[in-house]
Amino acid sequence: MHRYQAGSEDRRRMLEAIGVASVDELFASIPAEVRSGPLPLAPARSEEEVRREFWAFANANLAPECTASFLGAGVYRHVTPAAADALIQRGEFFTAYTPYQPEVSQGTLQAIFEFQTFVCQLTELDVANASLYDGATAVVEAVLMARRVLPARKRVVVAGSLHPDYRAVLDTYCEPQGLELVTLPPDARGRVDAAALASALGPEVAAVVVQSPNFLGVVEDLPALAASARAAGALAVQVVAEATSLGLLAPGGRFGFDVVCGELQAFGLPAAFGGPLLGFFAARAAHLRQMPGRLVGETVDSDGQRGFVLTLSTREQHIRRAKATSNICTNHGLMALAATIVLSLLGRKGVREVALASHATAEYVKAGVRALEGRGKLRLAFPDSPTYNEFLVLHDDPDGLVARLRGALILGGVATTRFGGALPRGILVAATEHNTRAECDHLLDALRRLA
């Protein structure tokens, strides 16, 4: 009893020092509807009883692994070889962190070097860093790098079809940097409006940021966008949220983009409540010393044997903050290893086969939705625009439709209403090689009955 009272007094003094009346006030920023409070578990229950209780909670979820799932909007479910999960759980990798001492970290350093190599091959750019947190922070780092490369320019042109979550993070970082973000709304085809881009460009623009395939699923005209950015002297940045698209679509590096960055979750990471994720960042060699994070390089040791070291470390953990290029980036080493294993197993041919299968599956579903047009409230948002494996289906009540599909044991897509803003009302439907023909037909039949 005495120890409990002492703890209460300590708690009271700490709350008084920070100026709040109760611990509950510390969580006031969390919406009340998701603050469930203490779990309704009786005290002093056995370990097995508690495990059963939590399994009951888990069984209430409609998980992608247990049903037909067409979720996307930045996180995609692909087939992952069992070897990937087994290998990343090896103790040498599972507990490793920053390889500060190369003489005892050759395995980790080589894995990171191979990761960088794969990213360069996917993007057709010169150099890639040793990963970032996620696609959102990768976009932020691209814009901040453009600011360092062109310090006199204070404006960034951003496509309105950039993932809303990426845009929210970008807003957060650019405001204190004094960077002005100019938004280009998509045109009637769901692409960047060329005329609007031309009018937005000028000598004050440091970068043009476009996502392709964009958040609406539409593939952008990358050669034209790169040419426009270059003509204005700005850096061109391509964002990729569905990395398997790089197995089918030519990357920005081929068309003169200065940076290709985004999310590699599709290679080896599960769609586990939206994380963990894996950002990637590739750029032209001219911008090497302005890149964020760190790079692993190949060298030889005193005996002439091949070896790997941290070649460039420009984050503030390694050097003086004033000279650092970033204070938020780190190496998602375990996630990068998973992607490296999957890419190694797939190879160039396998990556293309995954992309082709995903595209074909999505086209099958899209054709089915097109056939339903006129028989209900469904219609394709951009029927004549090129897409990869995701597309927007317009509907007056997307949240209601998603709920009805869930009742039919189908995760039918992501309602755009959850992202707010000026997005068209509808459902983003994504399909990958993971979806069977039976699942696609099940979805189309449910849309026919429930839309």
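At what angle do the axes of helix 10 and helix 12 cross, and within what distance do they come? The axes come within 10 Å, and the angle is roughly 20 degrees. This is a predicted model, so please hear every value that follows as computed from it.

I'll stay with that pair for a moment. Helix 10 covers residues 333-372, and helix 12 covers residues 437-450. With angles under 35 degrees counted as roughly parallel, helix 10 is roughly parallel to helix 12. Their crossing is right-handed. On the helix 10 side, the contact uses Thr361, Tyr364, Val365, Gly368, Val369 and Leu372. Helix 12 answers with Arg437, Cys440, Asp441, Leu443, Leu444, Leu447 and Arg448. Sorted by class, that contact has 8 nonpolar, 2 polar and 3 charged residues.

Helix 12 also packs against helix 11, which is residues 398-407. Here the angle is about 125 degrees and the axes are 10 Å apart. Helix 11 and helix 12 are therefore oblique to each other. This crossing is right-handed. Leu401, Arg404 and Leu405 come from helix 11, and Leu443, Ala446, Leu447 and Leu450 from helix 12. The class count is 6 nonpolar, no polar and 1 charged. Note Leu443 and Leu447 of helix 12: they take part in the contact with helix 11, and they are also listed in the contact with helix 10.

Back to helix 10, for its packing with helix 5, residues 106-123. Those axes are 9 Å apart, at an angle of about 45 degrees. Helix 5 and helix 10 are therefore oblique to each other. Helix 5 passes helix 10 in a left-handed crossing. Helix 5 brings Ala111, Glu114, Phe115, Phe118 and Leu122 to the contact. Helix 10 brings Ala336, Leu337, Thr340, Leu343, Ser344 and Val351. By class there are 8 nonpolar, 2 polar and 1 charged.

Now the empty space. Rolling a probe the size of a water molecule over the atoms shows where it is left. The largest pocket has a volume of about 970 Å³. Its lining consists of 35 residues, and those nearest the centre are Leu71, Phe273, Gly274, Val414 and Arg418. By class the lining splits into 18 nonpolar, 9 polar and 8 charged residues.

Which element gives the most to that lining? It is helix 11, with 3 residues. Several elements supply at least two residues each, among them helix 6 (135-149), helix 7 (164-177), strand 13 (410-411) and strand 14 (414-415). So helix 11 has two entries in this talk: it contributes to the pocket lining, and it packs against helix 12.

Next, the closed spaces. How many cavities of 30 Å³ or more does the structure hold? There are 6. The largest cavity encloses about 80 Å³. It is lined by 13 residues, and Tyr76, Gln211, Pro213, Asn214 and Glu390 are the closest to its centre. The lining is made up of 5 nonpolar, 6 polar and 2 charged residues.

The second largest cavity holds about 60 Å³ of space. Its lining is Ser69, Phe70, Leu71, Arg77, Ala430, Thr432, His434, Asn435 and Glu439. That gives 3 nonpolar, 4 polar and 2 charged. Leu71 lines this cavity, and Leu71 is also one of the residues nearest the centre of the largest pocket. Glu439 is on the cavity list too, and it falls within the residue range of helix 12, 437-450.

Last, some backbone geometry. Most residues other than glycine have a negative phi, and most peptide bonds are trans. Two places here depart from that. Ser212 and Pro213 are joined by a cis peptide bond, with omega about -10 degrees. Pro213 sits in the loop between strand 5 (205-211) and helix 9 (222-231). Pro213 has already come up, as one of the residues closest to the centre of the largest cavity. The other place is Ala73, with a positive phi of about 55 degrees although it is not a glycine. Ala73 belongs to the loop between strand 1 (68-69) and helix 3 (82-88).

Methods: Residues are numbered from 1 along each chain as its sequence is written. This is a predicted model: local features need pLDDT of at least 70, side-chain atom pairs count only at pLDDT 80 or more; totals for chains, interfaces and linings use all residues. Side-chain values use heavy atoms; hydrogens and water are left out. On a 1 Å grid over the protein atoms alone, a cavity is a set of points where a 1.4 Å probe fits but cannot get out, and a pocket is an open set with protein on both sides within 12 Å along at least five of seven lines; lining residues have an atom within 4 Å of a point. Grid points are joined across faces, edges and corners, and a volume is the space filled by probe spheres set on the points. Helices (H or I, at least four residues) and strands (E, at least two) are DSSP runs, numbered from the N terminus. Ala, Val, Leu, Ile, Met, Phe, Trp, Tyr, Cys and Pro count as nonpolar, Asp, Glu, Lys and Arg as charged, and the others, Gly among them, as polar. Axes are lines fitted to C-alpha atoms, for helices over the stretch in contact, and angles run from 0 to 180 degrees between N-to-C directions. Angles under 35 degrees count as roughly parallel, over 145 as roughly antiparallel, 65 to 115 as roughly perpendicular and the rest as oblique. A crossing is left-handed if the near helix is turned anticlockwise from the far one by less than a right angle, and right-handed if clockwise. Contact means heavy atoms within 4.5 Å.
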